[in-house]
Amino acid sequence: MGELDGSVVSSSSTASSSSVTSSSSVSSSSVTSSSSVTSSSSVVEGTATLTKHGTGGSSQTVESGSAIVSFYYTWTNATGATAIGLPEGVTATVNASESTITIEGTVTASAGDYNFTVTTTGATTNAIKTGKITVEGSSSIAPINVTESRLQVIPAMLWGNAIVSLDVNYAGSATMRLVDASGKVSLLRNLKVLPGANEFNISRDALTSGVYFLKVNTAYEQLQQKVIVP
């Protein structure tokens, strides 16, 4: 009986020791894993940089309804970048794998100056770049109904010279095109329009006989009239 009791005590002691060792091992593993997570979220040491690239300038003037000339920034010593203050329709897209933030889009905002700021993130000292997008025209102006009568070619039969009459209730830029039945552009002209009646001259010079369409595009509408060249 004495030998049997000694055997039981020895076995219990061994099991207890094994249990403690296993528990210690799990605890150590848990601490190591926690330390690794903390390290991955640490701030990048040093001073970040932002460098602009692309054909678009950081200061641009654009009409409402038109696209800006896109550009982008690259960063170093940072984890990302953000942009604030951009006009509606213009976005900032971050590509973390290439360390870039791209500014692009078509402006839908009303007229005004939009000062924006691009800032790096995740550095002990972040970099900042600023710029301005000036929007011309105003979305608060309600364009009047699009009717062909507001765009007239007088006379509609283009024997020689004719007057193009355009009646609008806003100021801004316009593009006038004369297109033949096949879609070929025979005349292209950039215009400035003012509220009220606007008049422009066109000529049949170098135009062959046929049916044409005079198209005028503004930031708010598109107008069209048929023109016949005899």
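The legends below describe close-up views of a predicted model. Local features need pLDDT of at least 70 and side-chain atom pairs count only at pLDDT 80 or more, while totals for chains, interfaces and linings use all residues. Residues are numbered from 1 along each chain as its sequence is written, and side-chain values use heavy atoms, with hydrogens and water left out.

**View 1. An open sheet of four strands with mixed pairing.** The strand order is 3-10-8-5; strands (E, at least two residues) are DSSP runs numbered from the N terminus, and two of them pair if DSSP finds at least two bridges between them. Strand 3 (59–63) and strand 5 (80–84) are the edges, each with a single partner strand, so one side of each has no neighbour in the sheet. On average, neighbouring strands are turned by 20° against each other, direction ignored, with axes as lines fitted to C-alpha atoms. Strand 5 and strand 8 (residues 112–121) run antiparallel and are joined by five bridges. A81 has T120 of strand 8 as its bridge partner.

**View 2. The cis peptide bond between I154 and P155.** Omega is about -5°. P155 lies in the loop between strand 11 (151–154) and strand 12 (161–168). I154 and N201 are 47 residues apart in sequence and 9.7 Å apart in space, C-alpha to C-alpha.

**View 3. N201 in strand 15 (residues 196–203).** N201 counts as exposed because its relative accessibility is 55%; buried means under 20% relative accessible area, exposed over 50%, and partly exposed in between (1.4 Å probe, protein chains only). Not counting residues up to four places away in sequence, N201 touches A162, I163 and R189 (contact means heavy atoms within 4.5 Å).

Methods: Axes are lines fitted to C-alpha atoms, for helices over the stretch in contact, and angles run from 0 to 180 degrees between N-to-C directions.
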